[in-house]
Amino acid sequence: MKRHRGRGGEGLGYRDEDPRADRWHGALWMRVPTARGKGRARLGGVHALRQRQCMQHLRCQICGEETFGRSDERYLWLVAGSELLREGEESWSPPVHDSCAAEAVRYCPHLRKSHVATLVDTPRFWGVAGLVYDLQTLEPLPGDSEDGLMHISFADPLLRWTIAARVVVTLHGCTPVDLDDLVVAGV
Ligand SMILES: [Zn+2]
């Protein structure tokens, strides 16, 4: 890793950077699932490039196929826990198909315990979750979330000093739904 000067000024870069694989929306992408050193990210098995490819094309996080084409032109989000998604909520978990969501809830004990399903009118690409590096020392700074990552918007000047591990979208037009109703209705 090195200091790099590109469009928009100075930032982080790889010595042997491949612009297609290593950069997206101006953000430098993490090459391995976990980063070494201080501020170590706990990525919980989420592979940085695969998550990006999935989210970039709004593919289903269960089966990997595209989620376009619902008759109501919306997207289904499934998250563990009981808290409803807020309008404009930031999320790094990709959408799911109705049938894949039903299957995930059946087989994943974590989701079976509690989950919230939400129909989303518009997911917007907002920024990344990643490790932010100190401009002077080039050491990673501690993250502000439990996975050790910081959420940085595409407009934030710190994006140039971030190694991104996940694409973050904001969710707009959120309607909570009961998964059973959805699967029965076959929307
Ligand atoms: Zn699916």
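Two strands are said to pair if DSSP finds at least two bridges between them. With that criterion in hand, select β5 and β7 in this predicted model: the two strands pair in the antiparallel sense over six bridges.

**The whole chain**

Before going further, display the full chain as a cartoon. The chain holds five helices and nine strands. Read from the N terminus, the order of elements is β-β-α-β-β-α-β-β-α-α-β-β-β-α. Of the 187 residues in the chain, 34% are buried. Among contacts between residues at least 6 apart in sequence, 71% join residues at least 24 apart.

**Stop 1: β7 and its partners**

Select β7, residues 115-132. Besides its pairing with β5, β7 pairs with β9 in the antiparallel sense over 14 bridges. Four bridges join β7 to β8, and these two strands also run antiparallel.

Individual residues help to locate each pairing. For β5 and β7, select L78, which stands opposite A117 in β7. For β7 and β9, select R124, which stands opposite T170 in β9. For β7 and β8, two positions may be shown together: V128 stands opposite I152 in β8, and G127 stands opposite S153 in β8.

**Stop 2: β8, residue by residue**

Select β8, residues 150-153, and show the side chains. Which residues of β8 point to the buried face, and which point to the other? M150 and I152 point to one face and are buried, while H151 and S153 point to the opposite face and are not buried. I152, the residue opposite V128, therefore belongs to the buried set, whereas S153, the residue opposite G127, does not.

**Stop 3: the loop after β8**

Continue to A155, in the loop between β8 and β9. A155 counts as exposed because 8 other C-beta atoms lie within 10 Å, and the limit for an exposed residue is 12 or fewer. Add G127 to the selection: A155 and G127 are 28 residues apart in sequence, yet their C-alpha atoms are 7.9 Å apart in space.

**Stop 4: the nonpolar core**

Next, select L76, L78, V128, A129 and A164. These are the residues with the most contacts inside the largest nonpolar core, which has 38 residues. The elements that give two or more residues to this core are β4 (27-29), α2 (48-56), β5 (75-80), α3, β7, β8 and β9. The greatest contribution, eight residues, comes from β9.

Centre the view on L78. Leaving aside residues up to four places away in sequence, L78 touches V96, A101, A104, H115 and A117. A117 is also the residue of β7 that stands opposite L78.

**Stop 5: helix α3**

Two of the residues touched by L78, A101 and A104, lead to helix α3, residues 98-107. Within α3, D98, A101 and A104 are buried. Seen down the axis of α3, the buried residues fall within an arc of 125°, so they line one face of the helix. An α-helix has 3.6 residues a turn, so residues three or four places apart point the same way. Now rotate the view to the face of α3 turned away from its buried side, where the exposed residues R106 and Y107 are carried.

**Stop 6: the loop between β5 and β6**

Select E87, found in the loop between β5 and β6 (89-91). Is E87 buried or exposed? E87 is exposed, because 9 other C-beta atoms lie within 10 Å. Not counting residues up to four places away in sequence, E87 touches H172 and C174. Add V120 as well: E87 and V120 are 33 residues apart in sequence and 9.5 Å apart in space, C-alpha to C-alpha.

**Stop 7: two residues with positive phi**

The tour closes with two backbone positions. Select H25, in the loop between β3 (23-24) and β4. Phi of H25 is near 55°, a positive value in a residue other than glycine. Then select L58, in the loop between α2 and β5. Phi of L58 is near 45°, again a positive value in a residue other than glycine.

H25 counts as partly exposed because it has 14 C-beta neighbours inside 10 Å. L58 is likewise partly exposed, with 14 C-beta neighbours inside 10 Å.

Note on methods. Residues are numbered from 1 along each chain as its sequence is written. This is a predicted model: local features need pLDDT of at least 70, side-chain atom pairs count only at pLDDT 80 or more; totals for chains, interfaces and linings use all residues. A residue is buried if 20 or more other C-beta atoms lie within 10 Å of its own, exposed if 12 or fewer, and partly exposed in between; C-beta atoms are placed from the backbone. The arc is that of the directions from the helix axis to the C-beta atoms. A nonpolar core is a set of buried Ala, Val, Leu, Ile, Met, Phe, Trp, Tyr and Cys residues joined through C-beta atoms within 7 Å. Two residues are in contact if their C-beta atoms, placed from the backbone, lie within 7 Å.
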